[in-house]
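Reader: I'd like to go through the strand pairing here. Can you walk me through how each call is made?

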Amino acid sequence: MKSSIFELVETGDHLPFDVSLHRVNYVPSHWHNSVEIIFVLRGTLEATVGNERHTLTEGDVFLINSSHVHEVIGLDMNIIATFLIPMSYLKENIKGIEDINFICESHTAEPGQKGALDQIRQLLAEMVHLKHKMGEAYELDMGIRMLAVFSILMKRFKTSDSGGAINEKYMERMLRIINYIDEHYKEPLSLQTIAEREFLSMPYLSKFFSENIGLNFQSYLTSIRLKNAVEDLLHYEDLPITDLALSHGFPNAKSFYAAFKNRYHMTPHEYRKQYRPDKGMERRQKDISSNYLHFNQSSALGIIRQYLQRSQSAQDVPIQAIETRVYEIDAAAAGKALKHTWRNLITIGKAKEGLHADVQQQLKYVQQNCSFRYLRFHGIFDDGMMVYDEDETGEPRHNFRLVDQLFDFLLSIRLKPFVELGFMPSALAADPDKRVFYRASYTSPPKSLDKWCALVGEFVRHCMNRYGAAEVAGWKFEFWNEPEFKVFWPAAEEEYHELYLRTYRTVKGISEALQIGAPGRIITANSRSVTLRFFDFCRENHCLPDFIPLHFYPHDEIGNVVNTEHMDLTLDPGVYRKLQEEFGGISSNPDFLKDKLGEELEMLAEQGLSGREIYLTEWNSTAYHRELTNDTLYKAAYIAKNILDNLDAIHGFGYWVLSDNIEETFPSPQLFHGGLGLIAQYGIPKAAMNAYRLLSKLGDRLIAKGDGYVVTANNSGYQILTYNYCHYDDLYAQGDISFIDETHRYNGFKNEKTLKMDIILAGLPKGSYKMVTRTISRKHGSSYDAWVEMGAPASLTGEDIAYLKGSSEPRRHVQVLDIENGTSIGSQLGPHEVQLIELSPVH
């Protein structure tokens with residue numbers, strides 16, 4: 001809001017009116033050529049219109065007519081929704097509106113108006129929800145509701161009394177006076193100064209001011225000084241009150257205290273203590289006016305939910321948009337060879353998990369349904385693997401029995417180890433108090449570099465002796481996990497460099513053929529300077545890594561999240577959501593992975609490292625182990641989109657993580673608890689796992705690829721994979737989970753539509769073709785939705801588990817087509833659905 005008394009209402013987002021959420025501090029007297037509706041969601045405030053003061057509390061609706069001077073003051077930590085509707089818009093839609101005023105205030109409403117107010121509250125709440133969700137045709141839905149509000153106002157709250165409106169013939173003079181006050185309020189202004197500028201007598205100016213603004217000159221000047229002083233009071237904690245008062249035009253601290261207490265009913269010191277924003281928010285408020293203070297909007301959006309009376313009738317179900325796309329593909333094209341490098345890598349959490357019977361069964365299932373080349377894990381030196389101890393004299397003892405069991409199993413199912421060298425055995429840690437995860441992993445540097453290198457050296461030699469030098473040369477050794485974060489590396493950067501160098505020399509001293517990688521780091525964490533210093537160090541010391549591991553999670557400021565409360569982050573939903581709110585939540589960019597990966601590849605090319613193999617050793621739509629959408633159909637489209645968007649762009653896509661059975665967090669008693677895994681407890685595949693199954697059936701020649709589809713071919717025929725990806729809406733991305741629960745998890749997405757694609761395959765050889773269509777939908781291939789449909793039981797019997805496993809199969813449809821000269825293949829998908837169509841010649 002501008003500081004001028006006249007506010008020009010500027011609308012945006014293609015809406016002819018403004019809908020916003022605010023926390024009010026103090027909005028001095030002003031007017032605008034718009035009707036304003038205030039909907040109080042939390043707290044208490046005072047609104048003064050003309051000379052009448054109104055106290056507003058939670059749930060109140062208050063309307064201020066156009067051209068009426070008003071001020072608003074927050075009396076506590078409040079949240080309001082404001083609706084500013086320009087008269088130009090109202091004149092276009094309501095005949096004679098310029099001669100109509102409304103009296104709409106909750107506290108003074110008559111009994112017969114209570115029901116109408118409830119309807120208005122619901123419509124206002126729906127508009128706030130629609131504005132922040134911004135779905136298909138939301139502008140039309142918003143307009144319908146706004147006109148519905150005015151329909152109710154016209155019927156129940158209309159008055160012909162236009163008293164109190166500003167006289168427009170004096171507007172130019174008033175604006176001139178007010179602008180001068182705004183520019184010179186820090187100076188010793190007087191009514192005489194203004195009167196001389198305007199060539200008016202002081203008595204006339206005094207009366208003019210009071211009649212048009214509702215305040216005498218001195219009261220208005222004090223309100224402007226106070227409004228500006230409060231902003232500095234909140235954001236400059238060390239600024240003495242006396243200095244603050246004098247810098248904003250008050251003659252002394254006493255006059256400031258008196259004005260402040262009269263307005264806020266507390267002293268400046270008390271106000272500063274109660275309302276000063278925390279440090280995390282302060283840096284985000286630099287450009288926010290003190291009129292309407294910044295706050296996290298998801299707090300308000302959660303409150304909005306109580307006003308949304310969600311009817312279960314069919315007429316209240318949102319009508320879903322239909323989008324049609326037509327693509328013509330030359331099926332006879334030679335195409336481009338595909339390596340499907342995404343199949344090079346899958347991941348589990350810790351090495352010890354690979355010894356659990358349930359995880360081993362899940363690995364076998366994966367290899368049977370969508371085989372991978374490498375399995376990546378961390379914690380090979382965790383205490384749970386029992387590789388390191390010291391005797392009473394401090395001499396190291398090494399034991400690789402559990403390592404052997406793990407590697408023997410992996411090789412038996414044709415998986416090669418992708419080993420993260422870390423974390424630190426507790427007996428070798430310089431500071432055993434530095435640890436992370438529910439099952440502790442120690443992140444401290446070693447108390448002895450020599451003992452660390454001896455452990456790494458003996459581990460590598462043991463593997464070579466047991467499995468052969470040629471076999472181990474085909475493995476990958478990634479060095480440490482995200483050392484750019486203090487939670488994973490609490491020591492100095494130089495100490496990490498030294499540890500990497502000594503480890504690199506140890507491994508390469510055994511065999512130059514062994515492959516050691518850089519540390520795995522998150523490419524969304526704004527840690528480029530750390531990365532560049534690492535590569536500079538490697539060049540200086542001739543220890544450049546053989547491959548580059550990367551991690552991806554689409555949180556805007558994940559570095560701040562991880563470094564702030566990592567342990568609570570993995571366990572407590574409240575803490576996680578609070579951190580999302582503070583640091584920006586999930587990116588609103590649906591192409592965030594593709595864009596960030598592109599930036600990373602450019603940086604590596606600039607560093608002369610484009611020839612190195614690059615692996616995403618961790619990636620997911622969230623870093624959170626209790627994100628309820630992880631279990632849903634959404635994950636199938638998310639995986640399909642991001643793998644196809646980045647097809648063969650790098651050497652491996654290690655989705656984090658295979659199994660919900662992961663020791664980073666305390667296990668949840670709930671089956672579908674929002675775990676990161678492709679497979680839930682009891683080996684029940686999720687929709688995400690089925691996306692991998694369909695992707696694995698694509699051919700080795702790329703014929704065409706575009707938004708929502710890919711066409712491939714092989715010796716068996718043609719494959720068409722389509723998906724309908726819908727990204728998180730802004731509310732959910734900001735951390736508002738008020739619209740989802742255990743059995744309703746699809747309310748957090750935007751641009752949901754039915755997608756109809758016609759793939760015209762020109763040049764397809766004449767003949768008969770068997771067409772097999774596999775579809776992952778909420779009805780077929782989503783075990784979570786099957787669980788909800790069966791009643792969402794809290795505990796499962798063996799029969800229940802078997803039923804859910806059977807229900808997790810995608811829908812399969814088979815038919816035979818006789819093709820003369822090409823054909824058109826239709827694919828119709830609901831939100832988040834994925835479909836694979838295989839065309840095979842019938843001989």
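**Strands and their partners**

Author: In strand 28, Val 710 is the bridge partner of Lys 705. This is a predicted model, where local features need pLDDT of at least 70, side-chain atom pairs count only at pLDDT 80 or more, and totals for chains, interfaces and linings use all residues. Residues are numbered from 1 along each chain as its sequence is written, and side-chain values use heavy atoms, with hydrogens and water left out.

Reader: What makes strand 27 and strand 28 a pair?

Author: Two strands pair if DSSP finds at least two bridges between them. Strand 27 and strand 28 (residues 709-714) have 5 bridges, in the antiparallel sense, so they pair. A strand here is a DSSP run of E, at least two residues, numbered from the N terminus. In this hairpin, 2 residues lie between the strands, and Gly 708 takes a positive phi near 90°.

Reader: How do you know that strand 13 pairs with strand 27?

Author: Strand 13 (residues 336-337) and strand 27 (residues 701-706) share 2 antiparallel bridges, so the pairing rule is met. Ala 337 has Arg 701 as its bridge partner in strand 27.

Reader: Which strands are the edge strands in the sheet with the order 12-30-33?

Author: That open sheet has 3 strands and mixed pairing. Strand 12 (321-330) and strand 33 (823-829) are the edges, because each pairs on one side only. From one strand to the next, the twist averages 15°, with axes being lines fitted to C-alpha atoms and angles running from 0 to 180 degrees between N-to-C directions.

Reader: In which sense do strand 12 and strand 30 pair?

Author: Parallel, over 10 bridges. Asp 330 has Ala 762 as its bridge partner in strand 30.

Notes: Helix = DSSP H or I, 4+ residues; strand = E, 2+ residues; numbered from the N terminus.
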